[in-house]
Amino acid sequence: YQRRVHGTLSECLFFFGAVVMAAFTDLLGEELLQKSNTVKTSTALEGKVVALYFSAHWCPPCRGFTPKLSEWYTNSLSGKGLEVVFISSDKGETEFKEYYGEQPWLALPYSERDRKDKLSKKFGVQGIPTLVILNANGKVITKDGRSAISSDPTGEEFPWIPKPFGEVIGSDFIGQGGSKLDRSAIEGKVLGIYFSAHWCPPCRGFTPRLAEWYKAMKAKNLPFEIVFASSDREQSAFDEYFAEMPWIAIPYEDRKRKEVLGNMFGVQGIPTFVVVDKDGTTITTNGRGIPGNDPDGLEFPWHPKPVKNVAADTDDLNSSTCVIALIEGLAPDEQKAVEAAMTPMAKEYIDGAKAAEEDPEMLFYVATEHDPDGPANRIRELCKLSTDQPLPTALIILDIPDKGGYYVTDVTSINASSLKEVVEKFKAGGLERKQLS
């Protein structure tokens, strides 16, 4: 019996190891470059934390970062168990070879251009240098490995697993008049993290509107609080700006906490309004539109709908494959029917992504409002569709991560059946790809 249990355990461990190695092989192919030689991906990455380094010689920030990363890798990080794989965006193989010659790690063969494009799309790479860190199982640890490693070049916090929100948000805050607050100020509440600064004109324009909306939410006794995370350049500016706000704040002197929160939510600019649920899970990193879209708080706590409306949210159009129903010309009840038809499939993709701890493979949108200067009209123009009244119904797929690709279908009646057929054709390569100009 003991022998059989031992055998079964060994078989399970072998199977698990094979699955893990298959994940990296599926991702990167059978072989990688190790300078002028090739090595088996499964052997080279066995048991390693892997950093995918998207970079190119023509990119000045890349040329500035690569020598630093090389030094950190050689002196400390390789010994900790990190392996780096260079994913080149160079414009030719000659440039690739010259640039890779400066690097001490592995590389995806330059000939694997299709695989490089798929990797960029899978991990939402918007610019370079980008460093995506994967655990030994091939799952994403962080897509902001550049910040993680730059702040810890000796790997003291290797493998840089992000701390949970509940730990990062901290336990001390300040209220109006400089009053000191503890964890009870946020316990059991949905939180809005407001990244802003007095020197920023858009912030100064948005803050008064957010303050009025916040007061309305508090009047409804919703379990909700806003925490100001300041990007002001000095204490006096913070003090002056915070005096205009009715919520609480992270103490200005705690710059590290604000920085870690900004990295956690991928804050690229301000004002940014992030909404976090009571359990610490992120509801949205793009909450600026919430006060205008839900002035009465009827949709609290503002979980994103499976089918988004381009009039309210366009942030993911540039970074995801998006199925868009252009239905501005339909009556309101017909628009609702289209949204309802799209919802089950949209939810299926969201749930599948959550289970796999990945971003959804596809996002789903409707465009219901006609505005000559609005996003729906702009999408029609980009895809060379009519903007004349009456606006024709159209079902399109916008795939900007695929080098600006898009697909226009002949579907004019959008329902669950026609939507399924279009998505299946797209995934099978059966739709004609067009190029945004």
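## Exercises on a predicted model

In this predicted model, β15 and β17 pair in the parallel sense, with three bridges between them.

**Exercise 1.** Place β15 in its sheet and find the bridge partner of Asn-309 in β17.

Solution.
- Step 1. The partner of Asn-309 across the bridge to β17 is Val-366.
- Step 2. The open sheet has six strands in the order β15-β17-β16-β18-β19-β20, and its pairing is mixed.
- Step 3. The edges are held by β15 (307-309) and β20 (434-435); each has a single partner strand, so one side of each has no neighbour in the sheet.

**Exercise 2.** Determine which strands α12 and α14 lie across, and at what angle the two helix axes cross.

Solution.
- Step 1. Helix α12 lies across β15, β16 and β17, and runs at about 160 degrees to β17.
- Step 2. Helix α14 lies across β16, β17, β18 and β19 (405-408), and runs at about 30 degrees to β18.
- Step 3. The axes of α12 (residues 332-356) and α14 (residues 416-427) cross at roughly 40 degrees and come within 8 Å.
- Step 4. Angles under 35 degrees count as roughly parallel; α12 and α14 are therefore oblique to each other.
- Step 5. On the α12 side of the contact are Ala-341, Met-342, Met-345 and Tyr-349, which meet Ala-416, Leu-419, Lys-420, Val-423 and Lys-427 of α14.
- Step 6. Sorted by class, this contact of α12 with α14 holds seven nonpolar residues, two charged residues and no polar ones.

**Exercise 3.** Find the buried residues of α13 and explain why they line one face of the helix.

Solution.
- Step 1. In α13 (residues 375-382), the buried residues are Ala-376, Asn-377, Ile-379 and Arg-380.
- Step 2. Viewed down the axis of α13, these buried residues fall within an arc of 160 degrees, so they line one face of the helix.
- Step 3. In general, an α-helix has 3.6 residues a turn, so residues three or four places apart point the same way.
- Step 4. Among the elements that cover the buried residues of α13 are β16 (322-326), β17 (363-367) and β18 (394-399).
- Step 5. Just after α13, Lys-384 has a positive phi of about 55 degrees.

**Exercise 4.** Decide how far β11 is enclosed by the rest of the structure, and identify how β10 joins it.

Solution.
- Step 1. Phe-224, Ile-226, Phe-228 and Ser-230 point one way from β11, while Glu-225, Val-227 and Ala-229 point the other way; all are buried.
- Step 2. Seven of the seven residues of β11 (residues 224-230) are buried, so the strand is largely enclosed by the rest of the structure.
- Step 3. Strand β10 (residues 190-196) runs parallel to β11 and is joined to it by seven bridges.
- Step 4. Phe-195 has Ala-229 as its bridge partner in β11.

Definitions and conventions:
Residues numbered from 1 in each chain as written. Predicted model: local features only at pLDDT ≥ 70, side-chain atom pairs only at ≥ 80, totals over all residues. Heavy atoms only, no water. Buried < 20%, exposed > 50% of the residue type's maximum accessible area, 1.4 Å probe, protein only. Helix = DSSP H or I, 4+ residues; strand = E, 2+ residues; numbered from the N terminus. Arc of directions from axis to C-beta. Contact = heavy atoms within 4.5 Å. Axes fitted to C-alpha atoms, helices over the stretch in contact; angles between N-to-C directions. Parallel < 35°, antiparallel > 145°, perpendicular 65-115°, else oblique. Nonpolar A, V, L, I, M, F, W, Y, C, P; charged D, E, K, R; others polar. Pairing = 2+ DSSP bridges.
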